[in-house]
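Visitor: I've got a new model open on the bench laptop. Could you walk me through it?

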Amino acid sequence: VKNLIRPYFICSGLFQSWDMFSPSPKGVNSYLEAIVIYQDGTTNLWSFPRMELLSYSQRYAKERYRKYEESLTNDAFSPLWPDAARHVARINNTHSSPPTKVMLVVRWSEIILPTASHPYERGPWDMHVFYSYDVQPGDLQ
């Protein structure tokens, strides 16, 4: 039965990676954004879909993006970075001036374990530009 339903779970994005559970669960809350710089010097901050900001039906449809984003920041998947940047450039090609640069940014906050004196504490948010891409004219088609 497992072999019959596995392709459905993989294609639909419903599979679960085990890094969410013990023995070493995730220690950070993170999300991705992109800074789009246009030819006229203006900028736009574009966010990849964030599950906590979506409705339940939107979450179901876009769950794959969360898993894609978790993998995208890993250096082992750096060959995906130019394609992600080109995709962001095409999506943001609605401005009167075309995009010339896309910077992929990861933002994260450490998850601090609760204690008796501090039941919940959020760590500060950090950010890092992990990839910068110069958009080529053919990328926008």
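Guide: Sure, and one definition to begin with: two strands pair if DSSP finds at least two bridges between them. Keep in mind that this is a predicted model.

Visitor: With that in hand, how many bridges join S3 to strand S4?
Guide: Strand S4 covers residues 122-134, and S3 and S4 run antiparallel. One of the bridges sets Ile111 against Arg122 in S4. Pairing needs at least two bridges, and the count joining S3 to S4 is ten.

Visitor: And which strand pairs with S3 over eleven bridges?
Guide: S3 spans residues 99-111, and this pairing is antiparallel too. Val28 stands opposite Glu110 in S3. Residues 28-38 make up the partner, which is strand S1.

Visitor: Zooming out, in what order do the elements run from the N terminus on?
Guide: The protein has three helices and four strands to place. Reading from the N terminus, the order is α-β-β-α-α-β-β.

Visitor: Thr42 caught my eye. Is Thr42 buried, partly exposed or exposed?
Guide: Thr42 lies in the loop between S1 and strand S2 (43-47). Buried would need under 20% relative accessible area, and exposed over 50%. Thr42 has 32% relative accessibility, so the label is partly exposed.

Visitor: Which side chain does the side chain of Thr42 make a polar contact with?
Guide: Not counting residues up to four places away in sequence, Thr42 touches Val36, Ile37 and His95. His95 is 53 residues away along the chain, yet the two C-alpha atoms are separated by 9.6 Å. The polar contact, at 2.7 Å, is with the side chain of Asp40.

Visitor: Now the rings: how are Trp46 and Phe48 arranged as an aromatic pair?
Guide: The structure holds five aromatic pairs. In the one formed by Trp46 and Phe48, the centres are 4.9 Å apart and the planes make an angle of 65°. Planes over 60 degrees apart count as edge-to-face, and that is the label for this pair: edge-to-face.

Visitor: Why is the pair of Trp81 and Phe130 edge-to-face?
Guide: Trp81 sits in helix H3 (residues 81-91) and Phe130 in strand S4, so the pair links distant parts of the chain, 49 residues apart. Both Trp81 and Phe130 are buried. Their ring centres are 5.2 Å apart, and the pair is edge-to-face because the planes stand at 70°.

Visitor: Last one: which ring does the charged end of Arg50 sit over?
Guide: Here a charge, rather than a second ring, is the partner. The charged end of Arg50 lies 3.7 Å from the ring centre, and the ring belongs to Tyr31.

Definitions and conventions. Residues numbered from 1 in each chain as written. Predicted model: local features only at pLDDT ≥ 70, side-chain atom pairs only at ≥ 80, totals over all residues. Heavy atoms only, no water. Helix = DSSP H or I, 4+ residues; strand = E, 2+ residues; numbered from the N terminus. Buried < 20%, exposed > 50% of the residue type's maximum accessible area, 1.4 Å probe, protein only. Contact = heavy atoms within 4.5 Å. Polar contact = N/O pair within 3.5 Å; in protein donor to acceptor, adjacent residues only side chain to side chain. Phe/Tyr/Trp six-rings, centres within 6.5 Å; stacked < 30°, edge-to-face > 60°. Lys NZ or Arg CZ within 6 Å of the ring centre and 35° of its normal.
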